[in-house]
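Q: I should like to learn how to read the features of a protein model, beginning with its strands and ending with its unusual backbone angles. Please take the topics in turn.

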Amino acid sequence: MANMYYEKDCDLGKLDGKKIAIIGYGSQGHAHALNLKESGCDVCVGLRSGSKNWAAAEEAGLQVKTVAEAAKWGDVVMMLINDEVQAKVYKEDVAPNLESGNALMFAHGFNIHFKQIVPPADVDVLMIAPKGPGHTVRSLYVGGKGVPCLLAVEQNATGKAVDIGLAYAAGIGGARGGVMETTFQDETETDLFGEQAVLCGGVIELMKLGFETLVEAGYAPENAYFECIHEMKLIIDLINKGGIAMCNYSISDTAEYGEYVSGTRVLPYEQTKANMRAVLKDIQDGVFAGKWIAENQTGRTFLNAKRAQMARHPMEVVGAELRKNMLWGDDADPDTAST
Ligand SMILES: NC(=O)c1ccc[n+]([C@@H]2O[C@H](COP(=O)([O-])OP(=O)(O)OC[C@H]3O[C@@H](n4cnc5c(N)ncnc54)[C@H](OP(=O)(O)O)[C@@H]3O)[C@@H](O)[C@H]2O)c1
């Protein structure tokens, strides 16, 4: 069994007197900065000069500095900018400002595991990785809950890295959901696998193919959207709360029978497992990391083309129209997407 920690195991007081620099104010950055501030921590946000998020962070009541100034100010420096730019920003603005005994933190292990960032030996290097989108880290915290987190320690120069990590997890609300101890390697490999095979790659492809199958058979796109896309969250909410059992309890017996009869027709067991193992192997061997690093060095042409293609897909077009007309359709704030 993995080591699990909850709020009772975390002492937020371990952050007393420590200055926490949150580098970046995107999905995770805004959530960590605001949650920690509301938990009573001393926080500042580090942004590049001219950042479009500078004013938003200040308006939210946070102090903002340049990345270099924030890294110098902080005893704890949390890297919450895009993984693909972290190595450059670390080298130019963070590394020169780290002091012995500081804690350098990450929310994902990519740059440490694949050695894009190699910190000095006299700082703690640890990770608190929320297992959910940043906007949900914010919305669940505000609602009194929290997104479970993974804790990993790569370097424990001060001997206090676990205490700092657990206190940080409590501060962002993660300990309300549970903190699992792991390693940078395991977090990196499972995180990349989960998002590629199941959460993003798998689920979005499944919804898209379901939508297309119904529309190509002559059914209304609105019907296909409700059936294959909108309802996904409603089903997942039940699984999230009470496992597959609560989902199967709530759906009809007809739906449950269909689940067993057709699930493996859509995802043939042996073939799908073989494909998933191949995806995992590419992650473990560094093949995926190499491709992603190269994509960023060559203008992101594949990513940009796919993003544009997805925006034009009928499921996105009809979905936008339907959501706009829902009673809550004028709420475009991702921070309230889970409530
Ligand atoms: N997204 C998630 O839900 C999620 C979940 C778990 C873990 N993580 C991890 O959390 C970390 C942050 O991910 P994220 O998705 O929150 O990132 P994100 O939203 O893409 O981060 C954007 C932030 O990074 C800043 N930034 C980008 N390039 C920069 C540069 N060259 N110099 C300085 N700042 C720069 C942006 O600055 P501007 O404000 O100037 O644009 C912005 O504030 C990553 O390690 C990721 O793997 C993310």
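The dialogue that follows treats strands, a bent helix, nonpolar cores and backbone angles.

A: One caution comes before the rest: this is a predicted model.

Q: Where should a reading of the strands begin, and what surrounds strand β3?

A: One may begin with burial, for which a residue needs 20 or more other C-beta atoms within 10 Å of its own. In strand β3 (residues 42–47), 5 of the 6 residues are buried, so the strand is largely enclosed by the rest of the structure.

Q: Which strands are joined to β3 by bridges, and do they run parallel or antiparallel to it?

A: Strand β2 (residues 19–23) is joined to β3 by 5 bridges, and the two run parallel. Strand β4 (residues 63–66) also runs parallel to β3, with 4 bridges between them. Gly 46 of β3 shows how to trace the register: Ile 23 stands opposite Gly 46, and Gly 46 stands opposite Lys 65 in β4.

Q: Through which helix does the chain cross from β3 to β4, and is the crossover right-handed or left-handed?

A: The chain passes from β3 through helix α2 (residues 54–59) to β4 in a right-handed β-α-β crossover. The step from β2 to β3 goes through helix α1 (residues 27–38), and this β-α-β crossover is right-handed too.

Q: How is a bend in a helix recognised, and what span does helix α10 have between its end C-alpha atoms?

A: One compares the end-to-end span with that of a straight helix. At 1.5 Å a residue, a straight helix of 30 residues would span 44 Å, whereas α10 (residues 221–250) spans only 26 Å between its end C-alpha atoms. The helix has a kink of about 130 degrees, centred on Gly 242.

Q: Which residues of α10 are buried, and what covers them?

A: Ala 224, Tyr 225, Cys 228 and Cys 247 are the buried residues of α10. Their cover includes α9 (201–216) and α15 (314–324). Not every residue of a covering helix need be buried: Glu 212 lies in α9 and is partly exposed, because 16 other C-beta atoms lie within 10 Å.

Q: How does one read a nonpolar core, and which residues have the most contacts inside the largest one?

A: One looks for buried nonpolar residues linked to one another. The largest such core has 63 residues, and those with the most contacts inside it are Ala 21, Ile 23, Met 78, Met 105, Met 127 and Ala 169. Helix α7 (residues 161–171) supplies the largest share of this core, 7 residues. Setting aside neighbours within four places in sequence, the contacts of Met 105 include Val 76, Met 78, Met 127 and Tyr 168. There is also a second, separate core of 6 residues, among them Phe 211, Tyr 225, Met 315 and Val 318.

Q: Which backbone angle deserves attention at Lys 115, and is that residue buried or exposed?

A: One looks for positive phi in residues other than glycine. At Lys 115 phi is near 60 degrees, and the residue sits in the loop between α5 (110–113) and β7 (124–130). Lys 115 counts as exposed because it has 10 C-beta neighbours inside 10 Å.

Q: Where is Arg 300 found, and what is its phi?

A: Arg 300 is in the loop between α13 (287–297) and α14 (301–312). Its phi is positive, about 55 degrees, although it is not a glycine. Arg 300 is partly exposed, with 14 other C-beta atoms within 10 Å.

Conventions:
Residues numbered from 1 in each chain as written. Predicted model: local features only at pLDDT ≥ 70, side-chain atom pairs only at ≥ 80, totals over all residues. Buried ≥ 20, exposed ≤ 12 C-beta atoms within 10 Å, placed from the backbone. Pairing = 2+ DSSP bridges. Right-handed = clockwise from strand over helix to strand, strands pointing away. Expected span 1.5 Å × (residues − 1). Bend = angle between axes of the 7 residues up to and from the residue. Contact = placed C-beta atoms within 7 Å. Core = buried A, V, L, I, M, F, W, Y, C linked by C-beta atoms within 7 Å.
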